[in-house]
Amino acid sequence: MKSARFLIVLLLLALVVTARAADAEEPRAIVITAKRFEFVPSTIMLKKGETVKLVVTSEDVTHGLFIRPLKIDTDLTPGETQQISVTPQTAGTFTAICHHFCGAGHGNMKLTVVVE
């Protein structure tokens, strides 16, 4: 009877450890939508050394997402989703821009990325 309880406890511990390992493998996802003439949200917070997945879409026309310090340079086509994995190595505040001309307000289309 004691050995059966011991085996049950070991099995439960193994399940907990496996579940925690699976959670640790999946990076945090941040959803970003590009639309004339803004990124939503307008600010995202990242942690230095933490891998995150940026899930980026365009709501209306072709936009771009360019963040030089994070080595991100991608096109955003309406109806398509881009998934970008990034692990910031430097703390700071960075500005992302749309690098596809999308109309009169294009120059004001920015996203602030804060890496702590």
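Strands and helices in this tour are DSSP runs, a helix of at least four residues and a strand of at least two, numbered from the N terminus. The model is predicted.

**Stop 1: Confidence**

Colour the chain by pLDDT. The chain averages 86, and 79% of the residues score at least 70. Now select residues 2–25. This is helix 1, where confidence is lowest, at a mean of 54. Strand 3 has the highest confidence, at 98. Where pLDDT is low, the predicted coordinates should not be read in detail.

**Stop 2: The open sheet**

Select strands 1, 2, 4 and 7. These four strands form an open sheet in the order 2-1-4-7, with mixed pairing. Strand 2 and strand 7 (81–86) are the edge strands, each pairing on one side only. Neighbouring strands of this sheet are turned by 25° against each other on average, direction ignored.

Next, keep strand 1 and strand 4 (residues 52–58) in view. In which sense do strand 1 and strand 4 pair, parallel or antiparallel? The sense is parallel, over seven bridges. To see one bridge, select valine 31 and its partner in strand 4, valine 55.

**Stop 3: Two cis peptide bonds**

Most residues other than glycine have a negative phi, and most peptide bonds are trans. With that in mind, select arginine 36 and phenylalanine 37. The peptide bond from arginine 36 to phenylalanine 37 is cis, with omega near -10°. Phenylalanine 37 is placed in the loop between strand 1 (28–35) and strand 2 (38–40).

Continue to valine 40 and proline 41. The bond from valine 40 to proline 41 is also a cis peptide bond, with omega near 0°. Proline 41 lies in the loop that runs between strand 2 and strand 3 (43–46).

**Stop 4: A hairpin**

Select strand 5 (63–67) and strand 6 (72–76). Strand 5 and strand 6 pair in the antiparallel sense over five bridges, and they form a hairpin with four residues between them. Across this pair, phenylalanine 66 stands opposite aspartate 73 of strand 6.

In the turn, select lysine 71. Although lysine 71 is not a glycine, it has a positive phi of about 60°. Is lysine 71 buried or exposed? Lysine 71 has a relative accessible area of 79% and therefore counts as exposed, the cut-off being over 50%.

Now show the side chains of strand 6. In a regular strand the side chains alternate between the two faces of the sheet. Along strand 6, Ile72, Thr74 and Leu76 point to one face and are buried. Asp73 and Asp75 point to the other face and are not buried.

**Stop 5: The nonpolar core**

The largest nonpolar core has 24 residues. Which of its residues touch the most other members? They are Phe39, Leu54, Leu65 and Val113. Several strands supply at least two residues of this core each, among them strand 1, strand 8 (92–97) and strand 9 (110–115).

Centre the view on leucine 65. Leaving aside neighbours within four places in sequence, the contacts of leucine 65 include Phe39, Val56, Ile72, Ile84, Ala96 and Leu111.

Move on to isoleucine 84, which lies in strand 7. Isoleucine 84 has a relative accessible area of 14%, so it is buried. Not counting residues up to four places away in sequence, isoleucine 84 touches Val52, Lys53, Leu54, Val56, Leu65, Ile72 and Thr74. For a distance exercise, select the C-alpha atoms of isoleucine 84 and aspartate 73: these residues are 11 apart in sequence and 9.8 Å apart in space.

**Stop 6: Two cysteines and a histidine**

A disulfide is a covalent bond between the sulfur atoms of two cysteines. How many disulfides does a search of the whole structure find? The search finds zero. Select cysteine 98, whose nearest cysteine sulfur, that of cysteine 102, is 4.1 Å away. Why is there no bond from the sulfur of cysteine 102 to that of cysteine 98? The separation of 4.1 Å is too far for a bond, because a disulfide requires sulfur atoms within 2.5 Å. Cysteine 98 counts as buried at 4% relative accessibility, and cysteine 102 is buried as well, with a relative accessible area of 4%.

Finally, select histidine 106, in the loop between strand 8 and strand 9. Histidine 106 is buried, with a relative accessible area of 17%. Apart from neighbours within four places in sequence, histidine 106 is in contact with Phe37, Cys98, His99, His100 and Phe101. Two of these residues have appeared earlier in the tour: Phe37, at a cis peptide bond, and Cys98, which is in no disulfide.

Definitions and conventions. Residues numbered from 1 in each chain as written. Predicted model: local features only at pLDDT ≥ 70, side-chain atom pairs only at ≥ 80, totals over all residues. Heavy atoms only, no water. Buried < 20%, exposed > 50% of the residue type's maximum accessible area, 1.4 Å probe, protein only. Pairing = 2+ DSSP bridges. Axes fitted to C-alpha atoms, helices over the stretch in contact; angles between N-to-C directions. Core = buried A, V, L, I, M, F, W, Y, C linked by side-chain atoms within 4.5 Å. Contact = heavy atoms within 4.5 Å. pLDDT = per-residue confidence, 0-100.
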